[in-house]
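I opened this notebook to keep track of what I looked up, step by step, in one protein structure. The entries go from the overall make-up to helix packing and then to single residues.

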Amino acid sequence: MADQDTGLYEYLTPAIVADFQGTGMPALLETLQTPELLDVKACEITSLIFTEILMLVQTHELTLGQAVEFMKLAITDERKAIVLCQVFDVFPSDSTVEALITRLHKDEHVLNASTLALHVDSDTLVNIGIVPAANLNRQMNTRKRDEYFTQKKFNLFHEEYEGFSILLNEFHSFFGNEENEFLVDHAVNVVYSLIGHYMLDPNRVLDVLIDICANYVVGNHRFIVGFLQEISMVATSGRILQCGI
């Protein structure tokens, strides 16, 4: 419950704040270190106490030095460090909060860079100088390029080799049939089924099939032309996408 006098604070009551350097800080630390609490409840209490500390620092009811001293004693494991970073991430950022993060990271070594990077937004990391803006922008641009603009390189040894092996065998058998021009629909269904069953990349499948067809043009041109026309219609109609790709 919130404190009846202020209506705001559940743990940092006026009595705790008034004697923060005396009995107030030990009382809060004892609350944080209660062993019988479940992890979820302990995290909730930790988050609330850290939030109230930041609120009082922003209103200058606690000094930055008092907050730093408390955090040094309160953060006894990585779980509490993560909770504090999560509070930082959702708390309205200003120069006071950023100064607190900076001191806990650079001066007191309470928060390590990897924990901050995982749980605090990039703008705050740049503002407090943990990550140089130029480096962050370069890394973000590189990640975006790799994710959205870099073409994948295909390698049969790293893909579903069984599916491609069956695909090759099936098509070699089609070219061995003298009446393969009547097997176009069957060939399309075979390709369609293999793509869906083995989750093959349709573009890579088409690339492989064109390579095969290029070696069997003589005597099989009707089958090849009919197949490519039909497979083009299948891809356009979206049937390949519906099979799970």
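The entries below record what I looked up and what I found.

**Entry 1: overall make-up**

I note at the outset that I am working with a predicted model. I began with the secondary structure and found 14 helices and 0 strands in the protein, so that reading the elements from the N terminus on gives α-α-α-α-α-α-α-α-α-α-α-α-α-α. I then looked up burial, and of the 245 residues of the protein 36% count as buried. The accessible surface of the protein comes to about 14,700 Å², and carbon and sulfur atoms account for 53% of that surface. For the contacts in the protein between residues at least 6 apart in sequence, I noted that 66% join residues at least 24 apart.

**Entry 2: α3 against α5**

How do helix α3 and helix α5 pack, in angle and in distance between their axes? Helix α3 covers residues 39-58 and helix α5 covers residues 78-90, and I read an angle of about 50° between them, with the axes 9 Å apart. Angles under 35 degrees count as roughly parallel and those from 65 to 115 as roughly perpendicular, and α3 and α5 are therefore oblique to each other. I also noted the hand of the crossing of α3 and α5, which is right-handed.

I next listed the residues that make this contact. From α3 they are Asp-39, Ala-42, Cys-43, Thr-46, Ser-47, Phe-50, Thr-51 and Leu-54, and from α5 they are Arg-79, Lys-80, Val-83, Leu-84, Val-87 and Phe-88. Sorted by character, the residues of the contact of α3 with α5 comprise 8 nonpolar, 3 polar and 3 charged.

**Entry 3: α4 and its neighbours**

Which residues of helix α4 are buried? In this helix, which spans residues 64-74, I found Gln-66, Ala-67, Val-68, Phe-70, Met-71 and Ala-74 to be buried. I then asked what they pack against, and the buried residues of α4 have α2 (20-32), α3, α5 and α6 (95-107) as their partners. The two helices of the previous entry, α3 and α5, are thus among the elements that the buried residues of α4 pack against.

**Entry 4: α10 against α11**

I looked up a second helix pair, helix α10 (residues 161-175) and helix α11 (residues 184-198), for which the packing angle is about 175° and the axes are 10 Å apart. An angle over 145 degrees counts as roughly antiparallel, and α10 is therefore roughly antiparallel to α11. On the α10 side the contact is made by Glu-162, Gly-163, Ile-166, Leu-167, Glu-170, Phe-171 and Phe-174, while α11 contributes His-186, Ala-187, Val-190, Val-191, Leu-194 and Tyr-198. I recorded 9 nonpolar, 2 polar and 2 charged residues in the contact of α10 with α11.

One residue of this contact I followed up separately, namely Glu-162, which lies in helix α10. Glu-162 is partly exposed, because its relative accessible area is 41%, a value between the cut-offs of 20% for buried and 50% for exposed. The C-alpha atoms of Glu-162 and Leu-194 are 9.9 Å apart, although 32 residues separate the two along the chain.

**Entry 5: two histidines with positive phi**

Where does His-60 lie? I placed His-60 in the loop between α3 and α4, and I noted that its phi is positive, at about 65°, although His-60 is not a glycine. His-60 counts as exposed because its relative accessibility is 67%.

His-109 also has a positive phi, of about 55°, without being a glycine. I found His-109 in the loop between α6 and α7 (113-119), and with 63% relative accessibility His-109 counts as exposed.

**Entry 6: two buried residues**

Is His-105, which is found in helix α6, buried or exposed? His-105 counts as buried, because its relative accessibility is 17%. Not counting residues up to four places away in sequence, I listed Leu-111, Asn-112, Ala-113, Leu-116 and Ile-130 as the residues that His-105 touches.

Lastly I turned to Ile-16 in helix α1 (residues 14-18); Ile-16 is buried, with a relative accessible area of 16%. With residues up to four places away in sequence again left out, Ile-16 touches Tyr-11, Gly-24, Ala-27 and Leu-28. For Ala-27, which is 11 residues from Ile-16 along the chain, I noted a C-alpha separation from Ile-16 of 8.0 Å.

Notes
Residues are numbered from 1 along each chain as its sequence is written. This is a predicted model: local features need pLDDT of at least 70, side-chain atom pairs count only at pLDDT 80 or more; totals for chains, interfaces and linings use all residues. Side-chain values use heavy atoms; hydrogens and water are left out. Axes are lines fitted to C-alpha atoms, for helices over the stretch in contact, and angles run from 0 to 180 degrees between N-to-C directions. Helices (H or I, at least four residues) and strands (E, at least two) are DSSP runs, numbered from the N terminus. A crossing is left-handed if the near helix is turned anticlockwise from the far one by less than a right angle, and right-handed if clockwise. Contact means heavy atoms within 4.5 Å. Ala, Val, Leu, Ile, Met, Phe, Trp, Tyr, Cys and Pro count as nonpolar, Asp, Glu, Lys and Arg as charged, and the others, Gly among them, as polar. Buried means under 20% relative accessible area, exposed over 50%, partly exposed in between (1.4 Å probe, protein chains only). Accessible areas come from the Shrake-Rupley method with a 1.4 Å probe; for residues, only the protein chains shown count as cover.
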